[in-house]
Amino acid sequence: MAKPGIETYHEDGQWKSRRQGSERAFSVGGNKAEQSAEGRATAKRDGVEHTIKNMEGTISEKNSYGNDPSSTPG
């Protein structure tokens with residue numbers, strides 16, 4: 001089973017990062033850039049995708065740090 005990706009998002013006046021599918025953030029606080037760095041570091045460590053959302057919840061950026069089948073040479 002694949003590991004869940006990481007999501008950085010804004011909720012209740014704070015920037016947070018969590019594993020997708022989880023309701024609880026593993027990191028809370030700082031500004032968007034600081035929280036994005038926390039999420040990116042975790043995504044790189046886990047080898048998964050990192051999704052960064054804007055304040056209103058739309059996706060602003062996605063980065064893959066795992067085995068991305070669309071970038072595999074073939």
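**A short walk through one predicted chain**

The protein chain folds into one helix and five strands, where helices (H or I, at least four residues) and strands (E, at least two) are DSSP runs numbered from the N terminus. Followed along the sequence, these elements come in the pattern β-β-β-α-β-β.

Before I go on, please keep in mind that this is a predicted model, in which local features need pLDDT of at least 70 and side-chain atom pairs count only at pLDDT 80 or more, while totals for chains, interfaces and linings use all residues. Residues are numbered from 1 along each chain as its sequence is written, and side-chain values use heavy atoms, with hydrogens and water left out.

Of the 74 residues in the protein chain, 27% are buried, and by buried I mean under 20% relative accessible area, with exposed being over 50% and partly exposed in between (1.4 Å probe, protein chains only).

Let us take one residue, Thr-8, which belongs to strand S1 (residues 6-11). Is Thr-8 buried or exposed? Thr-8 is buried, since its relative accessible area is 0%. Leaving aside residues up to four places away in sequence, Thr-8 touches several residues, including Trp-15, Gln-35, His-50 and Ile-52, where a contact means heavy atoms within 4.5 Å.

Finally, the rings: Arg-18 lies over the face of Tyr-9, at 4.1 Å from the ring centre, and Arg-19 lies over the face of Phe-26, at 5.2 Å from the ring centre. For such a charge over a ring, NZ of Lys or CZ of Arg must be within 6 Å of the ring centre and within 35 degrees of the ring normal.
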